[in-house]
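Here is a guided walk through a two-chain model. Keep the sequence and the 3D view side by side as you read.

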Amino acid sequence: MSNAPRSSRVRAAVVQPLTAILAFAFLQALAWTIVIPAFQAPDEDAHFAYVQQLVEKHRIPNTTTPGSPYSTEFIIATTWAGFEPARGDPQAHTGWNPAEETAWQQQEKTVTRADRANGLGANPAAQNPPLYYVYESIPYWLGLHTSSASFFTRLELMRLANIPLFLVTVLFTWLLVMEVLGRRWCAALAASLVALQPKFAYVAAGVSPDVALAAVWAAFLYVGVRIVKHGATARRVVAVAACGIGALLTQPRSAAVIPIALLMVALAPRERWRPVRIAVVVGAVVAAAAAFFAFAQTLPSWVKSPSSLHPWQFVSYLWQFYLPRLPGMDPMLGPKYGAGTAWVNRFYGDFGWLEIPFPGSVYTGLRWATLLLIVLLAVGLVLCRDAVRRNWRVAVALIAAVVLELLVLHVAAFEALLSNPGDPVLTGRYLFPLMSIWGLAVAAAVTVFPRIARAPVAVVLLGGGAILSVLAFTLTIERFYA
Amino acid sequence: MRRALIAVALAAIVAVGLHFFLPHLKARGISEGTPVPQPLFQLTDFTVPPKTSACLDQVALEPGLQVAAFTVDTTGAWGPLRFSLLAGKFKQVRDVPGGVGPNNLTVAFAGPPSPSLGVVCIRNRGGLPVALRGTNETRTLSRPRLTIGGNPTAGEVSLAFTSAGVKSRTDFFATMARRISAFRPVWVQPVSVVVLLILVFVGAFVVPLLALWRSFALDERDQAEPNGR
């Protein structure tokens, strides 16, 4: 291959499936960054304000200081563009009138550095560690200091900086599926579905650590599976530790990386264990955990006092989140809200600030598809038990990753519900760290079908993904601009 | 057999796609702006005394034939109203007959010749006070500032504009592209928005399927040549 003419190598690269999928994913992500009005992605205003404080004031915001976290510049821009009233209100529209834009531009010229830096009040995003915001400070700073970029241009540059993270998630989905299933068509199916996943693409187009978390987790899981399959080499150990630390420094929801990393090293082939490498991983994990909790400034209450978790009440809450309540069970803690809404509706749809849903029939179809996926995976585990037995370590690692991450999410949500029963906390984008495993699961489920049916089933899935993606664009455009 | 199944799959995709997308391709009217949305949780009525105007300034006005919508919340009789728009040299005045009880009112008007910022007033020409529905919710309050009888008033009267007629598909898509490119970097223009969206909409269906087809071909080649070249 390396001796082939350069034009042949270039052509080969261009026609390779992964290249095509990544190129499409790039264009789609670019389109979303432009279509979504400013601050109409979940919590984008708080994340932007965090970055602005970091760059303008060189300080990490907190969650306690009185006042507004939004700078004067922010308020001027969003007032002229009508963003605040539009948030979550489907009858309201953002601004699009050229006279409004001209008026904003004239007022923007009077903005000083002090006006950009005075958003000193409590910021809900400040509960997140700073890694993602340091990353986003680069496009913000570059825009400001190289071209005196306007407020909205800086925001767009920050959104564009998310695109590499989106592509990394798609890439590591491909790599994970190749590692586990070994077939290109499975990898193409999984990577394409991740790229087409409408809610993931929507959230990734806004300033949000969710896409960074998905990227870091996708890399973490791939390297972890390589450790489980091929052993804990020095490079893999360093990589998985780095990814795990990166995840912890991006979002507190990543606490599950600690036990997952330890499990993956423990599952590595014994003959390739090296005490030093294991010590490195364990040491890195312990250090990251210590830094994580130091940043959080407190241990979760259930660590200090496990009984405060109310074990039976937790089990009841967990059961009723997924299944109907059993006779004798207490009513579920919190509002009527379960896996169907959190893990299906809000994993695939409910765009904007949750005010842009798919049609009900789409959610019904997706819920049935999710049940079918679970059934097919269970059937596949039985039908392919010999293959599963041969690769039991990988299966255990992946299943444990899903279970542990879900457990961490549910424990955190339950703890929050105990003090505030009105807010269910959990929402679909919290599953984005498991995006690559979702793609792998769908591809694995398709392999359960007879060989003659696999291509047609894959075609249906990709067609469905394309329909959802284009429908999401259509609904979003109509909601904000029509 | 496999090709037949794939053909069936593609036909199913087309059918489902048409089911979801055809309704969105119909020509229809559109919003021309929502200067002040209706309240979400807390309704506030603003009483306009006789011979007094409630005015909202900094209202974005678009060209073209439109309909303004606002709500009278008076439980009894209320007198005639005068709806007016003022933006520079542009002025439009429309009279609304009086009525009884709460009423969602619509007023047809022609917008200014070019996009502008203006003042919208609702004058109570009757002899009885009239209550206009609005909002005092922090999250719903927008840019326009309300005055009643020239006095600044906390809160805003709810007001929305829609197109008077149905927009053609071409006009609709052109309008969407123009609106998407507002408040964006200078390199985001309506043409680039249209081109990008066409590439993405077509690419969503074509690229993954081509990648899948190519992957199957490469897998079959690898199986046929297990030792490589």
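In this predicted model, Glu179(A) and Lys229(A) form a salt bridge, with the closest N and O atoms 3.4 Å apart. The pair links distant parts of the chain: Glu179(A) sits in helix 10 (residues 162–180) of chain A and Lys229(A) in helix 13 (residues 209–230) of chain A, 50 residues apart. The two ends differ in cover. Glu179(A) counts as buried because its relative accessible area is 11%, under the 20% limit. Lys229(A), at 30%, is partly exposed.

A second pair in chain A spans a longer stretch of sequence. Arg154(A) and Glu73(A) meet in a salt bridge at 2.5 Å, N to O. Arg154(A) belongs to helix 9 of chain A and Glu73(A) to helix 4 of chain A, with their positions 81 residues apart. Both Arg154(A) and Glu73(A) are buried. The setting of Arg154(A) fits this picture: helix 9 of chain A is mostly covered, with 8 of its 10 residues buried. Among the buried residues of helix 9 of chain A are Phe151(A), Phe152(A), Leu155(A) and Met158(A). The charged residues Glu156(A) and Arg159(A) are buried there too.

Chain B has its own link. Asp95(B) and Arg125(B) meet in a salt bridge, 3.4 Å from N to O. Asp95(B) lies in strand 7 of chain B and Arg125(B) in the loop between strand 10 and strand 11 (130–135) of chain B, so the pair ties together parts that are 30 residues apart in sequence. Asp95(B) is partly exposed, with a relative accessible area of 45%. Arg125(B) is also partly exposed, at 33%. Back in chain A, salt bridges that share partners join Asp43(A), Asp210(A), Arg253(A) and Arg429(A) into one network. Over all chains, the structure holds 28 salt bridges.

Now stay with strand 7 of chain B, which covers residues 90–96 and includes Gln92(B). Is Gln92(B) buried or exposed? Gln92(B) counts as buried because its relative accessibility is 13%. Its side chain makes a polar contact of 3.1 Å with the side chain of Arg94(B). Beyond its neighbours within four places in sequence, Gln92(B) is in contact with Phe83(B), Ser84(B), Leu85(B), Phe109(B) and Ala110(B).

Next come the strand pairings of chain B. Strand 6 (residues 81–87) of chain B runs antiparallel to strand 10 of chain B, and 6 bridges join them. Leu86(B) has Val119(B) as its bridge partner in strand 10 of chain B. Strand 10 (residues 116–124) of chain B also pairs with strand 3 (residues 52–61) of chain B, again antiparallel, over 8 bridges. There Val59(B) stands opposite Gly118(B). Strand 3 of chain B also holds Gln58(B). This residue has a positive phi of about 55° although it is not a glycine. Most residues other than glycine have a negative phi. Gln58(B) is partly exposed, at 22% relative accessible area.

Chain A offers a similar case. Phi of Leu354(A) is near 80°, a positive value in a residue other than glycine. Leu354(A) is found in the loop between helix 19 (339–348) and helix 20 of chain A, and is partly exposed at 38% relative accessibility.

Strand 15 (residues 159–163) of chain B shows an alternating pattern. Leu159(B), Phe161(B) and Ser163(B) point to one face and are buried. Ala160(B) and Thr162(B) point to the other face and are not buried. Strand 15 of chain B runs antiparallel to strand 1 (residues 31–36) of chain B, joined by 3 bridges, and Val36(B) is partnered with Leu159(B). Strand 4 (residues 65–72) of chain B is also antiparallel to strand 15 of chain B, through 4 bridges. In that pairing Ala69(B) partners Ala160(B).

Finally, turn to the interface. Which residues meet there? The contact takes 69 residues from chain A and 66 from chain B. About 6,000 Å² is buried between chain A and chain B, with carbon and sulfur atoms giving 74%. The interface has 21 residue pairs in polar contact. Helix 24 of chain A gives the most to the side of chain A that touches chain B, with 19 residues. That side divides into 47 nonpolar, 13 polar and 9 charged residues. Across the interface there are 4 salt bridges. One of them joins Arg184(A) to Asp219(B), with the closest N and O atoms 3.5 Å apart.

Note on methods:
Residues are numbered from 1 along each chain as its sequence is written. Chains are lettered from A and ligands numbered from 1 in the order in which they are written. This is a predicted model: local features need pLDDT of at least 70, side-chain atom pairs count only at pLDDT 80 or more; totals for chains, interfaces and linings use all residues. Side-chain values use heavy atoms; hydrogens and water are left out. Contact means heavy atoms within 4.5 Å. Buried area is the accessible area (1.4 Å probe) that two parts lose on being put together, summed over both. A salt bridge is a side-chain nitrogen of Lys or Arg within 4 Å of a carboxyl oxygen of Asp or Glu. A polar contact is a pair of N or O atoms within 3.5 Å; within protein, one must be able to donate a hydrogen and the other to accept it, and residues adjacent in sequence count only if both atoms are side-chain atoms. Helices (H or I, at least four residues) and strands (E, at least two) are DSSP runs, numbered from the N terminus. Buried means under 20% relative accessible area, exposed over 50%, partly exposed in between (1.4 Å probe, protein chains only). Two strands pair if DSSP finds at least two bridges between them.
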